[in-house]
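Subject: A structure for you to explore

Hi there,

I am passing on a structure that I have been looking through, and I hope you enjoy it. Please open it first, and then read my notes alongside it.

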Amino acid sequence: MIYPKIALAQSIIEILSAKGIINIIISPGSRNAPLTIGFAQNPNFKCYSIADERCAAFFALGIAQQTKQPTAVVCTSGSALLNYYPAFAEAFYSQIPLIVISADRPQSKIDIGDGQTIRQENVFLNHSVYNANLTEDASEENDSKINLAIETAIQQKGPVHINAPFEEPLYETTEELLVQPKITNLQSDIAPKTIENSDEFVSVWNNAKRKLILVGVNEANVIDQEIIENLASDPSIVVLTETTSNLHHASFINSIDTLITPFDDSDFKEFNPEVLVTFGGMVVSKRIKGFLRKYKPEHHWHIDTLRAYDTFGALTKHFEMQPNDFFKDLLSKTSFVESDYFKDIQDVYKTRVIKRQEYLNQIGFSDFKVFEKVIETLPKNSILQISNSSAIRYAQLIDIDESIEVFCNRGTSGIDGSTSTAVGASVGNDKQTVFITGDISFLYDSNALWNSYIPKNFKIILVNNGGGGIFRILPGHEEKPVFNTYFETSHQLTAEHLAKMYQCNYFKANDLESLNSSLEILYNSNDAPGILEIFTPTTENDIILKQYFKKLI
């Protein structure tokens, strides 16, 4: 086997191999040549070359998101490393194990005017779960830091940074393994947990007639069906799920904004829970966050093995355990309570759902209508990736088939790497991946298509409303030049030439008839990745959406 001659590079490669890290995304460069040589010529790794560092990091994040295993991304020195930061922050807040390995100049070359050199040590300090600042020579201390970085990424489900200084010559190789790094492992407690001092919480649960369960970003199939049925059968429990929660039951309310947007103060007071239980990641709905911040529950319990954000200013208990273990223990010790809480809310929601369908049946071609048609035609058992801003908000209003797993970069809620993440996700799983995005998000991350690994069945559905449609929905919209230029970012661009350049099939639609026919062609064309661009009326979309919430009353 061919190894880099630099011993430190050998140590990094050997430890990652011993830890079972498989996927390595390499951003081409010179200072990281020792790592590139070693990873690319080792059969234990699957390597990808992606030139744009920001895209490379989000691509790695998408693979890690799907495989649930750490993915490494490797870059040269200098500003290349800084381009990893958006994905690094997303990995931190979305609890995804990402390993960033940066090549660096030796310490003696920092801040003396040497080229392509910045202060790389601890550059991700605010969002890193561990920083391994290595010294130039292979050593037991360096080995320990590398081991700890990888183990921390796994156990704390977050991004780590390994910074490795290399001195020239960088390209020399050898057939001799110069190191035998020590492999260490952190002990992890994987046994199911039970609720400590449970009597107190059982008492609160059994005495509460209004219990609200709110589920944010969540993996599919992590809650036992028996628990789901129990929660759905309790008359004192209302379960609110988001599109990204991947949790389904006919009795759960899966369009929060459809339910609560028309509420007035008296409705909110009746809906106000005594006990709020949350689990999963970030919540999309601004309305539910506003409601719970104003009408605070007496008890707010959050269930997560690692973190508990006080999102509503009402957190009273963090249960550091898996949600499934929590409910299994709690529900075995509690009983149903007589209550009209579920019935009253469910009656309101059923009425809202009927009005939603009536409204969708009567509106013209628009973003809202497009999302209805697109979502109802998604292939069953597929992976759905959604970009941020208006796309994820529209998706919250439409029922999605429960066989479809849904993902969105809600950690930082940025548009910057949505497409790259979706591409990485399509590589990281065996299912068909469909990506729904808006035009600004797509154009911002168009280098995501500068990628040789996109599966032929990967589909992009691009809703082009000529600008940042989210800003027309948010308060402050005025039809003035300042708004159009600096907020909405009005444009006349399309994806047609990008599709041709990156050898993607391209289809377009601008009415219901062409949309229906284009969707059918899109899913039946698997000779290359496909882009369906749907043009919607810029100035009508927000009016149609706002009128929807008025019609629900």
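Below is what I found, starting with the whole chain and then moving to a few places in it.

One thing to keep in mind is that this is a predicted model.

**The whole chain**

The protein chain has 21 helices and 19 strands. Its C-alpha atoms fill a box of roughly 70 × 60 × 45 Å along the principal axes. Does that go with a compact globule or against one? The radius of gyration is 25 Å, and a compact globule of 553 residues would have one near 24 Å, so the two agree.

Burial is worth a look too: buried residues make up 58% of the 553 in the protein chain. Among contacts with a separation of 6 or more, 76% are between residues 24 or more positions apart.

On the outside, the accessible surface comes to about 23400 Å², and carbon and sulfur atoms account for 48% of that. The chain carries 47 positive and 68 negative charges, and the mean positions of these two groups are 5 Å apart.

**A lysine to find: Lys 369**

Look for Lys 369 in helix α13, which covers residues 367-376. Is Lys 369 buried or exposed? Its relative accessibility is 6%, and buried means under 20%, so Lys 369 counts as buried.

What does the side chain of Lys 369 reach? It comes to the backbone oxygen of Leu 360, at 2.5 Å. Leaving out residues up to four places away in sequence, Lys 369 touches Leu 360, Asn 361, Ile 363, Gly 364 and Leu 512.

**Two covered helices**

Helix α15 spans residues 418-428 and is mostly covered, with ten of its eleven residues buried. Among the buried ones are Ser 418, Thr 419, Ala 422, Val 423 and Gly 428. Which elements cover them? They include the helices α3 (53-67) and α16 (439-444), along with the strands β14 (383-386), β16 (433-438) and β17 (459-464).

Helix α2, at residues 33-40, is mostly covered as well: six of its eight residues are buried. These are Ala 33, Pro 34, Leu 35, Ile 37, Gly 38 and Phe 39.

If you would like a starting point, try finding Lys 369 in α13, and then look at what surrounds α15.

Happy exploring!

Technical notes. Residues are numbered from 1 along each chain as its sequence is written. This is a predicted model: local features need pLDDT of at least 70, side-chain atom pairs count only at pLDDT 80 or more; totals for chains, interfaces and linings use all residues. Side-chain values use heavy atoms; hydrogens and water are left out. Helices (H or I, at least four residues) and strands (E, at least two) are DSSP runs, numbered from the N terminus. The radius of gyration is taken over C-alpha atoms; the globule rule is 2.2 Å times the number of residues to the power 0.38. Buried means under 20% relative accessible area, exposed over 50%, partly exposed in between (1.4 Å probe, protein chains only). Contact means heavy atoms within 4.5 Å. Accessible areas come from the Shrake-Rupley method with a 1.4 Å probe; for residues, only the protein chains shown count as cover. Lys and Arg count as positive and Asp and Glu as negative; His and the chain ends are not counted. The place of a charge is taken as NZ of Lys, CZ of Arg, CG of Asp or CD of Glu. A polar contact is a pair of N or O atoms within 3.5 Å; within protein, one must be able to donate a hydrogen and the other to accept it, and residues adjacent in sequence count only if both atoms are side-chain atoms.
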